[in-house]
Amino acid sequence: MNQEIERIKVLIVGSGPAGYTAAIYASRAGLTPVMYTGVQPGGQLTITNDVENYPGYPDGVMGPQMMEDFKKQAERFGTQVRYGVVTQVDLSERPFKVTVDESKPLIADTIIISTGASAKWLGIESETRLNGKGVSACAVCDGFFFRGKEVAIVGGGDTACEEASYLANICKKVYMLVRRDELRASQIMQNRVMKNDKIEILWNHETEEILGEEEVTGVRVKNNQTGEEKVLDVEAFFVAIGHEPNTSVFAGMVDMDANGYIQTVPGSTHTNIPGVFASGDAQDHEYRQAVTAAGTGCMAALDAERFLAAQE
């Protein structure tokens, strides 16, 4: 094998708000970053219709358009955006060895992980079909569009309770569908939803089908104890059964919590491996917003820049 293996100063893995912001900062600092977009170029925002809570877009923006804007800005300063998936990494020594699409070898002086997370879904056909048309995995992002309406949310953990409470502030009524006869959430979160008059918890209920042709018009649910079915007249359906960080390729090398979120040194994007930085939803299970992801992308680029300067 006599071909020269490409050496990259700053390799950015993933292309959501965190990755693109890291790319903007790194390219403006003259670090000629290379980004591999991953399987979902643009990340979770590409399946989000209207984004109204990102500063600088007073009239709102479509998620895919926003990611296109981020991409253009990163490329303007010299970022190479490449379509491909990082399938293997060896972080045992620097420069790090990386394989893209199981075949292309690279070496990288620093790596910024911004692979994001994916919402877990119920896996029913109507959920996929109506995604972005009243079906959402982010109440904080999309609840506003259904203010004053009746909505349903599925889940029984802290996230579901938190999102149900958030929705209850702006919606007329919130049906909370819980598969079991108890909540998994912490006691304080349980108390919060139980005390809220606008939240009706349907215990032992599962979702059979989300109704509607062009948008959500209702949801058919079933009591898994009695077999009884009924239709709830709701205009939105929120799924809050958890997220899965897209970090498996780094497992066993980078420190993670029990759920696979990468652990960073507090107040920074440093991982346990010098020269490897993590940003966005791959390391944040708390806020999971475009604007917070972008903030940590900026931090990761600055951390990488300082790291490289110290090496020289």
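Let me begin with Thr 296 and its surroundings in this predicted model. Setting aside neighbours within four places in sequence, Thr 296 is in contact with Thr 269, Ser 279, Gly 280 and Gln 283. Thr 296 belongs to helix α7. Is this residue buried or exposed? Its relative accessibility is 15%, and because the cut-off for burial is under 20%, Thr 296 counts as buried.

Two polar pairs involve the side chain of Thr 296. One is with the backbone nitrogen of Gly 280, which the side chain reaches at 2.8 Å. The other is with the backbone oxygen of Ala 293, which lies 2.9 Å from a polar atom of the Thr 296 side chain. Gly 280 also appears among the contacts I listed at the start.

Let me widen the view to the helix itself. α7 has 22 residues. From first C-alpha to last it reaches 32 Å, close to the 32 Å expected at 1.5 Å a residue. Its buried residues include Ala 290, Gly 297, Asp 303, Phe 307 and Leu 308, as well as Thr 296. Against which elements do the buried residues of α7 pack? They pack against β1, α1, α2, β8 and β19, the last of these spanning residues 276–278.

I turn now to one of those partners, α1. Two packed helices are described by the angle between their axes and the distance between the axes. For α1, residues 17–28, and α7, residues 290–311, the axes come within 7 Å and cross at roughly 35°. The crossing of α1 past α7 is right-handed. On the α1 side, the residues that meet α7 are Pro 17, Ala 18, Thr 21, Ala 22, Tyr 25 and Ala 26. On the α7 side, they are Ala 290, Ala 293, Ala 294, Gly 297, Cys 298, Ala 301 and Leu 302. Sorted by class, this contact has 11 nonpolar residues, two polar residues and no charged residues. Ala 293, whose backbone oxygen lies 2.9 Å from the side chain of Thr 296, is thus also one of the α7 residues that meet α1.

α1 merits a description of its own. It has 12 residues and spans 17 Å from first C-alpha to last, close to the 16 Å expected at 1.5 Å a residue. How many of its residues are buried? The count is 10 of 12, and the helix is mostly covered. Among the buried ones are Gly 19, Tyr 20, Ala 23, Ile 24 and Ser 27. The buried residues of α1 pack against β1 (6–13), β2 (34–36), α2 (63–76), β5 (80–82), β8 (104–113) and α7. Just after α1, Gly 30 adopts a positive phi of about 75°.

α2 has been named as a partner of both helices, and one of its residues deserves a remark. Glu 75 is placed in helix α2 and is partly exposed, with a relative accessible area of 34%. Its C-alpha atom is separated by 29 Å from that of Cys 138, which is 63 residues away along the chain.

Next, the backbone geometry. Most residues other than glycine have a negative phi, and most peptide bonds are trans. Where does this model depart from that pattern? The peptide bond from Arg 94 to Pro 95 is cis, with omega near -5°. Pro 95 sits in the loop between β6, residues 86–90, and β7, residues 96–100. Glu 102 has a positive phi near 60° and lies in the loop between β7 and β8. Arg 288 has a positive phi near 55° and is found in the loop between β19 and α7.

These two residues also have contrasting accessibility labels. Glu 102 is exposed, with a relative accessible area of 69%. Arg 288, at 16%, counts as buried.

I close with a second helix pair, α5 and α6. The axes of α5, residues 158–170, and α6, residues 187–195, come within 9 Å and cross at roughly 35°. α5 passes α6 in a left-handed crossing. The contact is formed by Asp 158, Cys 161, Glu 162, Ala 164 and Ser 165 of α5, together with Met 189, Arg 192 and Val 193 of α6. By class, it has four nonpolar residues, one polar residue and three charged residues. The contact of α1 with α7, by contrast, has no charged residues.

Methods:
Residues numbered from 1 in each chain as written. Predicted model: local features only at pLDDT ≥ 70, side-chain atom pairs only at ≥ 80, totals over all residues. Heavy atoms only, no water. Axes fitted to C-alpha atoms, helices over the stretch in contact; angles between N-to-C directions. Helix = DSSP H or I, 4+ residues; strand = E, 2+ residues; numbered from the N terminus. Left-handed = near helix turned anticlockwise from the far one by under 90°. Contact = heavy atoms within 4.5 Å. Nonpolar A, V, L, I, M, F, W, Y, C, P; charged D, E, K, R; others polar. Expected span 1.5 Å × (residues − 1). Buried < 20%, exposed > 50% of the residue type's maximum accessible area, 1.4 Å probe, protein only. Polar contact = N/O pair within 3.5 Å; in protein donor to acceptor, adjacent residues only side chain to side chain.
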